[in-house]
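Reader: I should like a close look at a single part of this model, namely the salt bridges and the residues that take part in them. Please set that part in the context of the remaining fold as well.

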Amino acid sequence: MERKKVTVPDILRMKKEGKKITKINLHDYPTAVLADRAGVDMVMIGDSIGMVVLGYSNTIPVTMEEMIHHTKAVCRGVVRAMVVADMPFMSYQASTEAALRNAGRFLKETDAQAVKLEGGREVAEMTRRMTSSGIPVMGHLGLTPQSVQQLGGFKIQGRGDVASRRILEDARILEESGAFS
């Protein structure tokens, strides 16, 4: 099996060629080793770690320090897969400067290759600034757990013509802002 690191250009090429791209959310070193050996293209350390590992009732309490700790462990277990770190609640929402600083911490301190942000048009300028600073960004639309309080719980999003059109528009806005996925 090829062990060359998966990069953003690889993901974009695979998408263009219609190849399947595999991604899995995980939170620890042993699972990262297994996923990498299985040939998974991307692994993401999601803020879902708050619920599935740390026992929180939602993702809101997850801190940058918790995410960095677990991202480092995952990065130590990965040779080939691209590692994407999920930016936790309030690590990017306060300002573009805070977003850049925290995204930069992930790349500098953990060896992750990209970050993930929740939201569409409202994070477009942050996405643009991050990508122009050399930080690859993955977008996340639809059910956005960091908005669970605003959504009134974990509820299906995008039902109906207006809601589904908004998600599609947000996807286009993110892509135009430089998000690679």
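**The salt bridges and their setting**

Author: With a relative accessibility of 13%, Asp10 counts as buried, because the limit for that class is under 20%. The model is a predicted one, and every value below is computed from it.

Asp10 has a salt bridge to Lys4, in which the side chains meet at 2.9 Å, N to O. Lys4 is partly exposed, its relative accessible area being 46%. Asp10 also forms a salt bridge with Arg13, where the closest N and O atoms are 3.6 Å apart. These two residues, Asp10 and Arg13, both belong to helix α1 (residues 8-16), and because they are 3 residues apart there, about one helical turn separates them. Arg13 has a relative accessible area of 35% and is therefore partly exposed. Asp10 is thus a buried residue that meets the side chain of Lys4 and pairs with Arg13.

A further salt bridge joins the side chains of Arg129 and Glu97, at 3.9 Å from N to O. This pair links distant parts of the chain, since Arg129 lies in helix α6 and Glu97 in helix α5 (residues 96-110), with their positions 32 residues apart in the numbering, that is, 32 residues apart. Arg129 is partly exposed, with a relative accessible area of 32%. Glu97 is likewise partly exposed, at 46%. As for the wider arrangement, salt bridges that share partners join Lys4, Asp10, Arg13, Glu17 and Lys19 into one network. For the model, the count of salt bridges comes to 13.

The helix that carries Arg129 leads on to the sheet. Strand β4 (residues 114-118) and β5 run parallel and are joined by 4 bridges. Within this pairing, Lys116 has Met138 in β5 as its bridge partner. Between these strands the chain passes from β4 through helix α6 (residues 124-132) to β5, a β-α-β crossover that is right-handed.

The sheet itself is open and has 5 strands in the order β1-β2-β3-β4-β5, with parallel pairing. Its edges are formed by β1 (23-25) and β5 (137-140); each has a single partner strand, so one side of each is left without a neighbour in the sheet. On average, neighbouring strands of the sheet are turned by 25 degrees against each other, direction ignored. At the β1 edge, the pairing with strand β2 (residues 42-45) is parallel and extends over 3 bridges. There Lys23 has Met42 in β2 as its bridge partner.

Strand β3 (residues 82-86) contains Met82. Met82 counts as buried, because its relative accessibility is 0%. From C-alpha to C-alpha, Met82 and Met44 are 8.3 Å apart in space, although 38 residues apart in sequence.

Finally, the surface holds a nonpolar patch made up of Met51, Val52, Val53 and Leu54, which together have about 320 Å² of accessible area. One of these residues, Val53, is located in the loop between α3 (49-52) and α4 (64-77). Val53 counts as partly exposed, with a relative accessibility of 45%.

Note on methods: Residues numbered from 1 in each chain as written. Predicted model: local features only at pLDDT ≥ 70, side-chain atom pairs only at ≥ 80, totals over all residues. Heavy atoms only, no water. Pairing = 2+ DSSP bridges. Axes fitted to C-alpha atoms, helices over the stretch in contact; angles between N-to-C directions. Right-handed = clockwise from strand over helix to strand, strands pointing away. Patch = residues over 30% accessible without salt bridge, like charges linked within 9 Å, V, L, I, M, F, W, Y side chains within 5 Å. Areas by Shrake-Rupley, 256 points an atom, 1.4 Å probe, with all protein chains shown as cover. Salt bridge = Lys/Arg side-chain N within 4 Å of Asp/Glu carboxyl O. Buried < 20%, exposed > 50% of the residue type's maximum accessible area, 1.4 Å probe, protein only.
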